[in-house]
Amino acid sequence: MSGAPPVDAGPELIEREQESAVLDALVDRLREGGGAVVVRGEAGIGKSVLLQRVRRRAEAQGARPLFTVGVESEAELPFAGLNQLLRPVIGALAQLPESQRQTLEAALGLGVDLKPDSFRVAVAAFQLICESADSVPVVLIVDDAHWLDGSTLSVIAFIGRRLEAEHVALVAAFRSGQSTSLDDARLATLDLERLSASAAARLLDRTAPELHPVLRARVLAESSGNPLALVELARSMGRSGEQLSPPSTTLTSRLERAFASRLRDLSPNTRAGLLAAALDSRASLNEIARSSRARVESLQPAVDAALVEIVDDGVRFRHPLIRSAVRQAASAQQVLEMYRALAEVVADPERQVWHRAMAATGPDESIASALEQHARLAAGRGAVTVAGAALERAAALTADSPRKGARLVAAAEIAYELGLVDSARRLVDEAKAFDLGARDQARLDWFRQISSGSVWFESGAAKTFVTIAQHLRDAGDADMALRSLVPIAHRCWWTRTKTRTREYLVEAALAMGTADDDPRVLAVIGLAHPEETGPAILKRVSQLRLHEMTDPIAAMYVGIAAEKAGDFASGVRFLASAIDGLREQVRLVPLTQALVHYAWAAIHAGEWPAAAAAAHEAAGLARDTGQPQYGLTADLIGGLATALRGTEPHL
Ligand SMILES: Nc1ncnc2c1ncn2[C@@H]1O[C@H](COP(=O)(O)OP(=O)(O)O)[C@@H](O)[C@H]1O
Ligand SMILES: [Mg+2]
């Protein structure tokens, strides 16, 4: 369900004074500057009520709350959460510079295709929020962040790290034990603990004053300070069968059972409606009624039992555990049938394709290719994680071996680009069992080498890489062939490597069928064998006209080659131009790399403050873009600049 929670006075929170004070301070000082706080805790501990409190506080302070919530589901829709978050300020889009406006329109499905780079979306969304915060401070409230689509979550993590100088605050809640990209965003975190015994007793007496003393003691013991358990177990305690059931292993599953026991009192029609709503959080009342073959009114008993609310033409569960209880209470057959029914009634093609995918019990090429198409559209909107999820599911539903392998390789490629090393490794492992076409086989081999990390120590790695590059070239992908040599060339630069190996790499790069002054070739040969290729590189670099280069990646490669050949001044010049271009295009992954190389060249050119500033920026970006090796190198150069200057850098 998409609507924000209703704003009411809200129940008086018991305890949580300290947490409230931290969040109040964040909201109250918004006119001076912003910040981010992550709220973490188990299900039912009181994250959502605390966020509601933030919302009221923001409104009382004249700030504008923007809200989004993640919903558990296997379907990934591109920027679903971001859409909800930005909807109230979408009018300010017109104030953004043209390219950013287009980026956001593409991301939100309102415009033409975008070059797949989710960071551009992050930067544009950030810009839009800051723009709107110029007139009224903004409080971003994100509930159940662990269930947001991956693309939205990375945008939010990106924004969360940049709020100090803005009139924008972010408060995001997620369930402990669920890992999200907010974990390593290094944001201030509030861990919500269970209530004290006396607070738990106060809450119970407020919500269930009539409870029999024996049951009261049992509820207090079983819920051990979890507020939702206090409220819910008191309600379900004493119901038939409840008292006799064995205790569950965790409080969360105990709670789900308590909710499930309340479902049993509902009619099959009501339960079918709830199941439809549980499987598709965006279903309208009409879609719920049609897929459950029941009238909208049959949801009323669930509303009366305080399990759900009807909001904005849809159903919202009062707590996510009710949603999971509904799902678990249904048989596997019922779930499959409901997905099938939803696929028939839902008009939105993106939701429809996921419902079909969930309803499939075996390989199905028509669904798999529809998912592949969905992946392509999602990638075109910059929603790369969504594309990855769709490709992976498409592969699972594919019977044809080369096609299945190709889909897995494509998913692995996305995972690798996003820095999700574990997923990339898993996908690559899966893909290797299938027959692949020549190009996919070569790409797979490359990902296997890269994700195993063996490029840094294995002997014979140069031969492996060169063979892969030759296969890529023979399969018609000269660009990837040349880029595939960059990691092994880097190894030559950083480690002691035999002259023979260096020469072998240089020859291989020159035999890729591109011009000798191709920037990618220059970078590879400069990294691989600078003593030997240095003079030729310096000559070529001196002939290249920087102002004629339109591609910042090409400028970056030339800069790297110049710097490795010892011409630090040219390195600085080309890399500075690459940085400008990449910054303009908001391509943060290569921008990080260009900044690190620039910092390295600038250190050697004696431009220490510029080196320190670039290293500092690169270190932050490396975290954002999942490139730890560049982050560490940036830290190293930053340290070096400090040492050379003999003072702390003032940045
Ligand atoms: N500190 C508190 N004082 C009073 N009631 C609380 C408190 N924390 C949570 N509750 C109640 O417990 C229930 C679960 O809280 P909720 O915020 O939905 O948990 P979460 O979002 O962490 O799963 C709600 O009914 C809420 O009103
Ligand atoms: Mg919650």
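Guide: Welcome! Let's begin with a definition: a residue is buried under 20% relative accessible area, exposed over 50%, and partly exposed in between. The model you see is predicted.

Visitor: Why is Arg-483 called partly exposed?

Guide: Arg-483 has a relative accessible area of 37%. Partly exposed covers what lies between 20% and 50%, so Arg-483 takes that label.

Visitor: What makes Asp-479 and Arg-483 a salt bridge?

Guide: The closest N and O atoms of Asp-479 and Arg-483 are 3.1 Å apart. A salt bridge needs a Lys or Arg side-chain nitrogen within 4 Å of a carboxyl oxygen of Asp or Glu, so this pair qualifies. Both residues belong to helix 23 (residues 478-484), where they sit four residues apart, about one turn of the helix. Asp-479, at 32% relative accessibility, is partly exposed as well.

Visitor: Why is Arg-407 called buried?

Guide: Its relative accessibility is 2%, and buried means under 20%, so the label follows for Arg-407. Arg-407 also forms a salt bridge with Glu-365, with 3.1 Å between the closest N and O atoms. Arg-407 is in helix 19 (residues 401-417) and Glu-365 in helix 17 (residues 365-380), so the pair ties together parts 42 residues apart in sequence. Glu-365 is partly exposed, at 30%.

Visitor: What makes the contact of Arg-57 with Asp-28 a salt bridge?

Guide: The N to O distance between these side chains is 2.6 Å, and the cut-off is within 4 Å, so the contact of Arg-57 with Asp-28 counts. Arg-57 comes from helix 2 (residues 47-60) and Asp-28 from helix 1 (residues 17-28), so parts 29 residues apart in sequence are tied together. A network of salt bridges links Asp-24, Asp-28, Arg-53 and Arg-57, and the structure holds 34 salt bridges.

Visitor: Why is Glu-532 called exposed?

Guide: Exposed means over 50%; Glu-532 is at 55% relative accessibility, so it earns the name. Glu-532 has its place in helix 27. On the surface, Glu-503, Glu-507, Glu-531 and Glu-532 gather in a patch of negative charge. Helix 25 (499-510) and helix 27 (530-543) each give two or more residues to that patch.

Visitor: What makes helix 11 mostly covered?

Guide: Nine of the twelve residues in helix 11 are buried, among them Thr-270, Gly-273 and Leu-279.

Visitor: And why does Leu-96 count as buried?

Guide: Leu-96 has 5% relative accessibility, and the limit for buried is under 20%, so Leu-96 meets it. You will find Leu-96 in the loop between helix 3 (80-86) and helix 4 (98-107).

Note on methods. Residues are numbered from 1 along each chain as its sequence is written. Chains are lettered from A and ligands numbered from 1 in the order in which they are written. This is a predicted model: local features need pLDDT of at least 70, side-chain atom pairs count only at pLDDT 80 or more; totals for chains, interfaces and linings use all residues. Side-chain values use heavy atoms; hydrogens and water are left out. Patches are made of residues with over 30% relative accessible area and no salt bridge: like charges are joined within 9 Å, nonpolar side chains (Val, Leu, Ile, Met, Phe, Trp, Tyr) within 5 Å. Accessible areas come from the Shrake-Rupley method with a 1.4 Å probe; for residues, only the protein chains shown count as cover. Lys and Arg count as positive and Asp and Glu as negative; His and the chain ends are not counted. The place of a charge is taken as NZ of Lys, CZ of Arg, CG of Asp or CD of Glu. Buried means under 20% relative accessible area, exposed over 50%, partly exposed in between (1.4 Å probe, protein chains only).
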